[in-house]
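Trainee: I have not looked at this structure before. Please take me closely through its pockets and cavities, and through the parts around them.

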Amino acid sequence: MKNRKLLMIPGPIEFTPDVLRAMGMPTTSHVAQNFIEVFGQVLEDLRKVFLAPSGQPFVVPGSGTLAMDMAAANLVEPGDRALVVNTGYFSDRFAKILERYGAAVTHVHAQAVGDAPSVNEVESALQSIKPKLMTITHVDTSTAVATNVKDLAALGRKYGALVIVDGVCATAGEEMRQDEWGIDLALTASQKALGVPPGLAVVVAGPRVMQAFSTRTKLVGNFYADWTEWLPIMQAYEGRKPSYFATPAVNLMWALHVSLKGILAEGMEVRFARHKKLSDAFKAAVSALNLKQVPTRPENCATTLSGVYYPQGVDKGILKYIDEAGVIVAGGLHPAIREQYFRVGHMGAVTGSDVIATVAAIESGLSRSGYIFEKGVGVVAAQRHLL
Ligand SMILES: *Cc1c(COP(=O)(O)O)cnc(C)c1O
């Protein structure tokens, strides 16, 4: 027994040994020369991972929710109009955060759970509301629905809205080209496809966003998230100079440094393609097992995770069986269907063997739950796709 299970949830994910080793190094001062160098390289590397050469990166201790909070706090002034392209749980969260800072929020909702609003629906909302900003959840982790960020971002730009992308379950896995696609701000957290233990909020803000920030008239209504404090810190680290506002998460920064080097060594194009291939292999197994996915259309399916309905006669009791077969997957999250489906994350350092092991564990769970299927058919379908 290895006494350790495969963690296949949509974050935190499996981390590589070199990333975990970096976490265990003796902690230095946050103004030590070697740490300043690492922080500076992290900021430079983030631009490459986000494909945002014109972006200003911010890395701050916190989770993805702080990254969302930071975007809203620095961009919203009371009375500003905001459009939320709503695909589920995390889109609702973004709306609440925007409202907290006084935004007037309009939602464009998906027609049904598992769907995403159409480009036409978003366009007519942009036309009538003329929002200052719009938010798009790249991958809604509650439903495994991916939005068409490229087309939506182009629309946002067309109507003069700042385009904000919540990439917490997507960035560094799902294809995203921040500058090329006209995304004004993209954000994520360390524990998802960036492959670093939880604890870092990451934001990359483009020139239009920094311009909007610099022309605000009111004080930012959040002390910790205020770019007035953080921008000079990021500029200092990138200029390889010491500075301090709030203590950086030193060991997590080392881990992020190692992870970003690994991501860039793989290369973004190869990485996007690998995520797509592994996701397709997993989804081929799901179909072969006659299971239904939560996303209603193939073009809505995320590549970083899958949402799968339990078949008739099976319920969340299967999660324990899958766990006993050595793999941890996640239960439902979207309130409307919480008890009806489970979620499998396949992002970051995940391999084809991990996907096969996960499908095998799910087959074991299905079998123990009394589901009738041809044993091994899922494993074969995944393997065929991989080969
Ligand atoms: C996980 C997630 C978040 C929240 O991140 P935390 O690190 O849990 O605060 C926000 N948006 C999306 C799309 C996510 O997947």
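Mentor: The pockets come first, then the cavities, then the helix packing and two backbone details.

The model is predicted, and local features are used only at pLDDT of at least 70, side-chain atom pairs only at pLDDT 80 or more, while totals for chains, interfaces and linings use all residues. Residues are numbered from 1 along each chain as its sequence is written, and side-chain values use heavy atoms, with hydrogens and water left out.

Rolling a probe the size of a water molecule over the atoms shows where empty space is left. Here the search runs on a 1 Å grid over the protein atoms alone: a cavity is a set of points where a 1.4 Å probe fits but cannot get out, and a pocket is an open set with protein on both sides within 12 Å along at least five of seven lines. Lining residues have an atom within 4 Å of a point. Grid points are joined across faces, edges and corners, and a volume is the space filled by probe spheres set on the points.

The largest pocket holds about 630 Å³ of space. Its lining has 28 residues, and Ala146, Thr147, Glu299, Asn300 and Cys301 are the ones nearest the centre. Two elements give two or more residues to this lining, helix 6 (149–158) and helix 11 (268–288). Helices (H or I, at least four residues) and strands (E, at least two) are DSSP runs, numbered from the N terminus. Helix 11 gives the most to the lining of the largest pocket, six residues. By class, this lining has twelve nonpolar, eight polar and eight charged residues. In this scheme Ala, Val, Leu, Ile, Met, Phe, Trp, Tyr, Cys and Pro count as nonpolar, Asp, Glu, Lys and Arg as charged, and the others, Gly among them, as polar. The largest pocket lies between domain 1 (6–11 + 267–386) and domain 2 (17–266), because both give residues to its lining. The domain bounds come from an automatic or database domain assignment.

The second largest pocket holds about 230 Å³. It is lined by 20 residues, with Phe90, Thr141, Val168, Gln191 and Lys192 nearest its centre. Helix 3 (64–75) and helix 4 (89–100) each supply at least two residues of this lining, and helix 3 gives the most, with three. Nine of the lining residues are nonpolar, seven polar and four charged. Domain 1 and domain 2 both give residues to the lining of the second largest pocket, so it lies between them.

Now the closed spaces. The whole structure has three cavities of 30 Å³ or more. The largest cavity has about 50 Å³ of space. Its lining is made of Leu7, Met8, Ile9, Ile13, Glu14, Gly345, His346, Met347, Ala349 and Val350, which divide into seven nonpolar, two polar and one charged.

The second largest cavity has a volume of about 40 Å³. Phe282, Ala285, Val286, Leu289, Leu291, Phe342, Val359 and Ile362 line it. Helix 11 and helix 13 (352–368) are the elements that give two or more residues to this lining, with the largest share, three residues, from helix 11. The eight residues of this lining are nonpolar, with no polar and no charged ones.

Several of these helices also pack in pairs. Axes are lines fitted to C-alpha atoms, for helices over the stretch in contact, and angles run from 0 to 180 degrees between N-to-C directions. Angles under 35 degrees count as roughly parallel, over 145 as roughly antiparallel, 65 to 115 as roughly perpendicular and the rest as oblique. The axes of helix 3 and helix 4 come within 9 Å and cross at roughly 40°, which means that helix 3 is oblique to helix 4. Helix 11 and helix 14 (residues 377–386) have axes 7 Å apart and pack at about 150°, and are therefore roughly antiparallel. Helix 13 and helix 14 come within 8 Å, axis to axis, at roughly 165°, so helix 13 is roughly antiparallel to helix 14.

Two backbone details remain. Most residues other than glycine have a negative phi, and most peptide bonds are trans. The Gly11 to Pro12 peptide bond is cis, with omega near -5°, and Pro12 is in the loop between strand 1 (6–7) and helix 1 (17–23). Arg240 is not a glycine but has a positive phi of about 60°; Arg240 sits in the loop between helix 9 (227–238) and helix 10 (250–266).
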